[in-house]
Amino acid sequence: MAFEPPRRLVRALGETAPEGDDWLEKLPELAREAVARRELTVERVQLPGGRSSLVVLVRRADGTPAVLKLAPPRARPESERVALAHWGGRGAVQLLEPVSQGSEGAEGVLLLERLHPDVSVRTLPEAKALLEAAGTLRRLWVDPPEGHAFETVAERTGRQAKAMRAGADAAPEVAPLVDAALSAREELLNSPPEHRLLHGTFRQSKVLSGDRMPWLAVGPDPVVGEHAFDLARLVRDRVEDLIAQPSGATTTRRRVRRLAESLEVDRDRLRGWTLFRAVESGVRARRVGRERDAELLLEFASWL
């Protein structure tokens, strides 16, 4: 079978690819090798697929449905593997290979339990979707394994802060929002209330329907830090709908309050991290030419 990367993946990786990166060129052969090594039968490549990995629906030698996921090193797939193993299927998709086995000659390849890839909580009415997503996220907040090598929130946002400052220098009109976001970050990092293993990139589309449990999280970019950082990305879900509402700003502030209360997170900390993450995403979108996304995200951030 030809493993042609979906256009969405090609476009997204092209926005961030370092010079000389040839992972996409090698991807078809990597996929064939991964399938052969595990004696899998390929059903189809999942379309439109993700923005950082190739997802292939397969069956194992015994006929069990599964998912084969291949991601480039810059997507930190080995960090994802360790986090999924630590969660052990509690709130997240189950890893079907031991960490040691999956790492031998198969860097960036994960074999996962099959969920229902076309059914995420985004298919539910908004209020119900937020409730189910928040409940799933709560189950992922556990102590990280001892001696872990996961990136911390301070480290990740530190890298992002440098890019945000450069973006503000290139576009002075966004400087006030960038300044506010960076100030919020500095204050929040002074006294984090907990250091837990977080999903890192949690949103409604990352919660899929399963057979073992009604809803399970997929696609983590794990990081260690406070709960409010993880919850912040969920606040802006369906941002295009929020922007289209005359009462979008009021709805956003109400969402911050409700999510903070339901997950026992400090409201001001959630607002601060929501501001930082929205501005960071908006500046990044502008940097790679996604002007419409940048406009939505920065307007959303201005409401906070």
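Is Arg76 buried, exposed or partly exposed? At 29% relative accessibility, Arg76 counts as partly exposed. Welcome to this short tour of the structure, which is a predicted model. The protein chain contains 12 helices and nine strands. With a radius of gyration of 19 Å, close to the 19 Å that the globule rule gives for 304 residues, the chain is as compact as a globular protein of that length.

**Overall build**

- Along the principal axes, the C-alpha atoms of the protein chain fill a box of roughly 55 × 40 × 40 Å.
- Of the 304 residues in the protein chain, 52% are buried.
- The protein chain exposes about 14300 Å², and carbon and sulfur atoms supply 50% of that area.
- If you look at contacts between residues at least 6 apart in sequence, 71% of them join residues at least 24 apart.

**Nonpolar cores**

- As background, nonpolar side chains tend to be buried together in soluble globular proteins.
- The largest nonpolar core here has 73 residues, and those touching the most other members are Leu84, Val178, Leu231, Leu270, Trp273, Val279 and Phe300.
- Helix H11 gives the most to this core, with seven residues.
- Another core lies apart from the largest one; it has 18 residues, among them Trp23, Ala31, Leu40 and Leu54.
- Phe300 is a good residue to click on: beyond its neighbours within four places in sequence, its contacts include Val235, Arg236, Val239, Leu242 and Ile243.
- Thr252, Thr274 and Ala278 are also among the contacts of Phe300.

**Aromatic pairs around Phe229**

- The model has three aromatic pairs.
- In one of them, Phe229 and Trp273 meet edge-to-face, at 5.2 Å centre to centre and with 85° between the planes.
- Phe229 lies in helix H8 (residues 227–235) and Trp273 in helix H11 (residues 267–287), so this pair ties together parts that are 44 residues apart in sequence.
- Both Phe229 and Trp273 are buried.
- Phe276 joins Phe229 and Trp273 in one aromatic cluster.
- Phe229 has a charged partner too: the charged end of Arg277 sits over its ring, 4.2 Å from the ring centre.
- Trp273 therefore links two topics of this briefing, being a member of the aromatic cluster and one of the residues that touch the most other members of the largest nonpolar core, while its pairing with Phe229 ties H11 to H8.

**Backbone details in the loops**

- Glu39 is not a glycine, yet it has a positive phi of about 55°.
- You will find Glu39 in the loop between helix H2 (23–38) and strand E1.
- Glu39 is exposed, with a relative accessible area of 57%.
- The peptide bond from Leu47 to Pro48 is cis, with omega near 5°.
- Pro48 lies in the loop between strand E1 (41–45) and strand E2 (54–59).
- Arg76, the residue from the opening question, also has a positive phi of about 55° although it is not a glycine.
- The loop that holds Arg76 runs between strand E3 (65–70) and helix H3 (77–87).
- Glu39 is thus exposed, whereas Arg76 is partly exposed.

Methods. Residues are numbered from 1 along each chain as its sequence is written. This is a predicted model: local features need pLDDT of at least 70, side-chain atom pairs count only at pLDDT 80 or more; totals for chains, interfaces and linings use all residues. Side-chain values use heavy atoms; hydrogens and water are left out. Rings of Phe, Tyr and Trp (its six-membered ring) pair if their centres lie within 6.5 Å; planes under 30 degrees apart count as stacked, over 60 as edge-to-face and the rest as tilted. Helices (H or I, at least four residues) and strands (E, at least two) are DSSP runs, numbered from the N terminus. Buried means under 20% relative accessible area, exposed over 50%, partly exposed in between (1.4 Å probe, protein chains only). A charge sits over a ring if NZ of Lys or CZ of Arg is within 6 Å of the ring centre and within 35 degrees of the ring normal. A nonpolar core is a set of buried Ala, Val, Leu, Ile, Met, Phe, Trp, Tyr and Cys residues joined through side-chain atoms within 4.5 Å. Contact means heavy atoms within 4.5 Å. The radius of gyration is taken over C-alpha atoms; the globule rule is 2.2 Å times the number of residues to the power 0.38. Accessible areas come from the Shrake-Rupley method with a 1.4 Å probe; for residues, only the protein chains shown count as cover.
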